[in-house]
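Here is a friendly walk through some packing, cavity and backbone features, written for someone who likes to check coordinates alongside the text. Please keep the viewer open as you read.

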Amino acid sequence: MDRYLCIHGHFYQPPRENPWLEDVELQDSAYPYHDWNERITAECYAPNAYARVQDDAGYILDIVNNYSQISFNIGPTLLSWMQAHAPAPYQAILEADRLSRERFSGHGAAMAQAHGHLIMPLANSRDKRTQVIWGIRDFQHRFGRKPEGMWLPETAVDLESLDLMAEYGIKFTILAPYQAQRIRQIGKEKWHDVTGGRIDPKHAYLCNLPSGRSIAIFFYDGPVAQEVAFSGMLKRGEDFANRLVGTFTGDRSPQLVHIATDGETYGHHHRFGDMALAYCLRFIEERGLAKPTVYAEFLKKHPPKMEVEILENTSWSCAHGVERWRADCGCRIGGGDWNQKWRAPVREAMDWLRDRLSPVYEEQMGRFTRDPWRVRDEYIEVILKRDRTSDFLRRHCGELTSEETVVALRLLEMQRQAMLMYTSCGWFFDEVSGIESTQTLCYAGRALQLANDVAGIELEGEFLERLSKAPSNLPEWKNAARVYEIAVKPVQLDLMRVAAHHAIASLFHEEDGMRKTYCYSAEDKSTERLSAGMIHLSIGRTRIRSEVTWNEGLFSYAVLHLGAHNLNAGVRPCLHEEEFETMRSDIREAFERSEIPEIIRLMDHHFGADNYTLWHLFKDEQRRVLRKVMAITLEDIDNSFRAIFNNHFTLVRFLHEIGTPIPRELAVPVEIALNSRLRGLLESGDPDLGQLRRLGEDVRKVGARLDTAMSARLAGTLLAERLSELTENPDDLNLIRYLCDLLDIFEQIPLDINLWEAQNIFFSLYRPALSQVSEETLDLFQDLGRKLWIKVD
């Protein structure tokens, strides 16, 4: 068959890690999920690893790994997050590439990506080289093979970037049709103009490069990709399939119909897009309408016959080339009268900072190595596995003292942050105070701090002066300098701030010794806790160490908790033994005399202005501690609402039955009481079915609204956890009956439960169970499958 089909997904999320903590903190806007990475994983990345193929009635016929059937690239920073926080879909993605090599003549579905998603044509030559090297090395580390193709962020292209990719063995990339300028047959002289997207996307093209190297380019089908991404085509997988197949022509020569879109199109942007993709691929393959392939396989079978010249400094998401990332070109997300005059000054400020940091890096790193930039290129080895740090420095810098090691690591991290600050999302959206632009300013702030730490140079003042020329569209923000002052400076931290976090958090945890706080370790040298009713005191010493830059410090602290949110902590670099004992003795004696004002005075005396409160806790721990300190208050409120519910339930039921609006003074406490009961039952792990039934009846009788987002998620987790018990004993009749009853009750409450994980578990159990369980168990097992919407007949 000479009709080939390839669907490419570019899966990517802007980095959301706090640069000082190296992890993503709680994002309330992603509720009920912890953060947007977790939410989009649940909506897109995981569903595509376990995509449903359904019949017309909605029952699941099969669960497939979409990644093994399409072409894809996933941003390295996203993969790094998934490895730590979403291991199951992460492993499924790696497995998909292995499966695809069996399917596509030894060629894998996965492509590499330039590492940090910066706009390559706007980067300097050194950064381009590092981004290509890091992208390749990251890919090899995860997928265990060399990449054949590489995705350019935003498909932003120039000849230097292509040449670097070819230099490091990359065979092909993907561009938009509007990025081709002219074509000719290989070996012929006459060129044909194809600007305006007129290139035929059904073939591979050869791009000859200034160095004498070459690289193949695939130009995707722009109109079809646009329809998939922005129209309703993914509502029906069959419509999607017919649109793709309808693109083939009557030409008998080999044809490749292919599209490229954001991978998030399949599930996040379009709900159930993952299912449409799975159904589309099955529909086409079962009917023999085309042969699914990946770019590397097609390139091997059908090498380019045409040569192409590209339009440099162009991209797939800006009609003006790459101006979206450096100018007020008019490309934006929203409407209204906002402008993007801030883009150019922010880009200029970043370029200025990069160019000021480069000589600092060269000079300081030059003390340890002859080739500082080669060491930076190789630093990806440490980023991927921090436990390789010692060996890496020994190989590239020789034997370093402890102080020299800290300097070298700070310099390398300074360079990493100086590239992360160019992440494309920082300029893509409409407003400089948006979370994406603020994130890039955080990276710049971290680079500035590291430069000051390692070389004692103060660049922040001039950087802010340059940012002040970047106007915000919102009067309250004024300009990018104010964004930096309000949104970046408060999250900057040093070892003292980490010590304060540890000291406060340890008051609410029983365990002592070694604790990990994000990318820092805290080792308690001494801890003493005293309590008097609701008042608690903690005094101690702790050693804080960065696992990234290896700088460390010993700190003394005292924390006084007066109940609720009233807390005061003092922290300072560690006192000498005699001073520490004096401080500990003075504060302890005052506490034993219950002289609270004296304790506070002594803390001020010993710790000076270095005082901290619950405000200084990192967000996740802050939320956990606040839940603890609010527990009694919330319990009192819950009891009050339960009393209102019990005392006035019949009245509320009567009002609901006769269609009279229920006063908010009654409706709100009743709904809170019911939601609290439901959450408590679901979180118990083994809810009493009778209580769940009665709760469902109460909900219906008063027409209460449930917190469906959180409750459905908790119910799904409960169901999956209990269902996983069947992996040990698939013949457990009581458990199967319990699960069937549980699903019936959830349907009656009603609760739109998230069945996704439970369906995955059942699907993996069902076929092996056919030969393992009794006939009675099998009947019940099939009944459970039907309730989970799985075709078991």
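A crossing of two helices is called right-handed if the near helix is turned clockwise from the far one by less than a right angle, and left-handed if it is turned anticlockwise. Keep in mind throughout that this is a predicted model.

**Helix pairs**

With that convention in hand, take H4 and helix H5 (residues 159–167): their crossing is right-handed. The two axes come within 10 Å and cross at roughly 40°, and H4 and H5 are therefore oblique to each other. On the H4 side, Ser-125, Lys-128, Arg-129 and Val-132 meet Glu-160, Ser-161, Leu-164, Met-165 and Glu-167 of H5. Sorted by class, this contact has four charged, three nonpolar and two polar residues.

Further along the chain, helix H26 (residues 708–724) pairs with helix H28 (residues 756–769), their axes coming within 8 Å and crossing at roughly 20°. Angles under 35 degrees count as roughly parallel, so H26 and H28 are roughly parallel to each other. H26 passes H28 in a left-handed crossing. H26 brings Leu-719, Ala-720, Leu-723 and Ser-724 to the contact, while H28 brings Glu-757, Ala-758, Ile-761, Phe-762 and Leu-765. Here the tally is seven nonpolar residues, one polar and one charged.

What angle do H1 and H2 make where they pack? The angle is about 95°, with the axes 11 Å apart. That makes H1 roughly perpendicular to H2. The residues in contact are Asn-37, Glu-38, Thr-41 and Tyr-45 from H1 and Leu-78, Trp-81 and Met-82 from H2. Four of the contact residues are nonpolar, two are polar and one is charged.

The table puts the geometry of these pairs side by side.

| Pair | Axis distance | Angle |
|---|---|---|
| H26 and H28 | within 8 Å | roughly 20° |
| H4 and H5 | within 10 Å | roughly 40° |
| H1 and H2 | 11 Å | about 95° |

**Enclosed and open space**

Rolling a probe the size of a water molecule over the atoms shows where empty space is left. In this model, the count comes to five cavities of 30 Å³ or more. The largest cavity holds about 80 Å³ of space. Its lining is made of 14 residues, with Ile-74, Leu-79, Met-111, Ala-112 and Phe-139 nearest the centre of the cavity. Which elements each supply at least two residues of this lining? They are strand E4 (71–74), helix H2 (76–85), strand E5 (110–113) and helix H4 (125–143). H4 gives the largest share, five residues. H2 and H4 thus turn up again here, after H2 in the packing with H1 and H4 in the crossing with H5. By class, the cavity lining has nine nonpolar, three polar and two charged residues.

On the open side, the second largest pocket contains about 1,300 Å³ of space. Of its 42 lining residues, Phe-230, Asp-262, Trp-316, Ser-317 and Phe-428 are the closest to the centre. Two or more lining residues come from each of helix H1 (36–49), helix H6 (222–230), strand E12 (255–262), helix H15 (425–428) and helix H16 (435–455). H6 contributes the largest share, six residues. The pocket lining divides into 22 nonpolar, 13 polar and seven charged residues.

**Backbone details worth a look**

Where do the cis peptide bonds at Pro-32 and Pro-750 sit? Pro-32 lies in the loop between strand E1 (3–11) and H1, and the bond from Tyr-31 to Pro-32 is cis with omega near 10°. Pro-750 belongs to the loop between helix H27 (733–748) and H28, and the bond from Ile-749 to Pro-750 is cis with omega near -10°.

Positive phi values in residues other than glycine are also present. Ser-105 has phi near 55° and lies in the loop between helix H3 (87–103) and E5. Glu-154, likewise not a glycine, has a positive phi of about 60°, and Glu-154 is found in the loop between strand E6 (150–151) and H5.

How values were computed:
Residues are numbered from 1 along each chain as its sequence is written. This is a predicted model: local features need pLDDT of at least 70, side-chain atom pairs count only at pLDDT 80 or more; totals for chains, interfaces and linings use all residues. Side-chain values use heavy atoms; hydrogens and water are left out. Axes are lines fitted to C-alpha atoms, for helices over the stretch in contact, and angles run from 0 to 180 degrees between N-to-C directions. Helices (H or I, at least four residues) and strands (E, at least two) are DSSP runs, numbered from the N terminus. Angles under 35 degrees count as roughly parallel, over 145 as roughly antiparallel, 65 to 115 as roughly perpendicular and the rest as oblique. Contact means heavy atoms within 4.5 Å. Ala, Val, Leu, Ile, Met, Phe, Trp, Tyr, Cys and Pro count as nonpolar, Asp, Glu, Lys and Arg as charged, and the others, Gly among them, as polar. On a 1 Å grid over the protein atoms alone, a cavity is a set of points where a 1.4 Å probe fits but cannot get out, and a pocket is an open set with protein on both sides within 12 Å along at least five of seven lines; lining residues have an atom within 4 Å of a point. Grid points are joined across faces, edges and corners, and a volume is the space filled by probe spheres set on the points.
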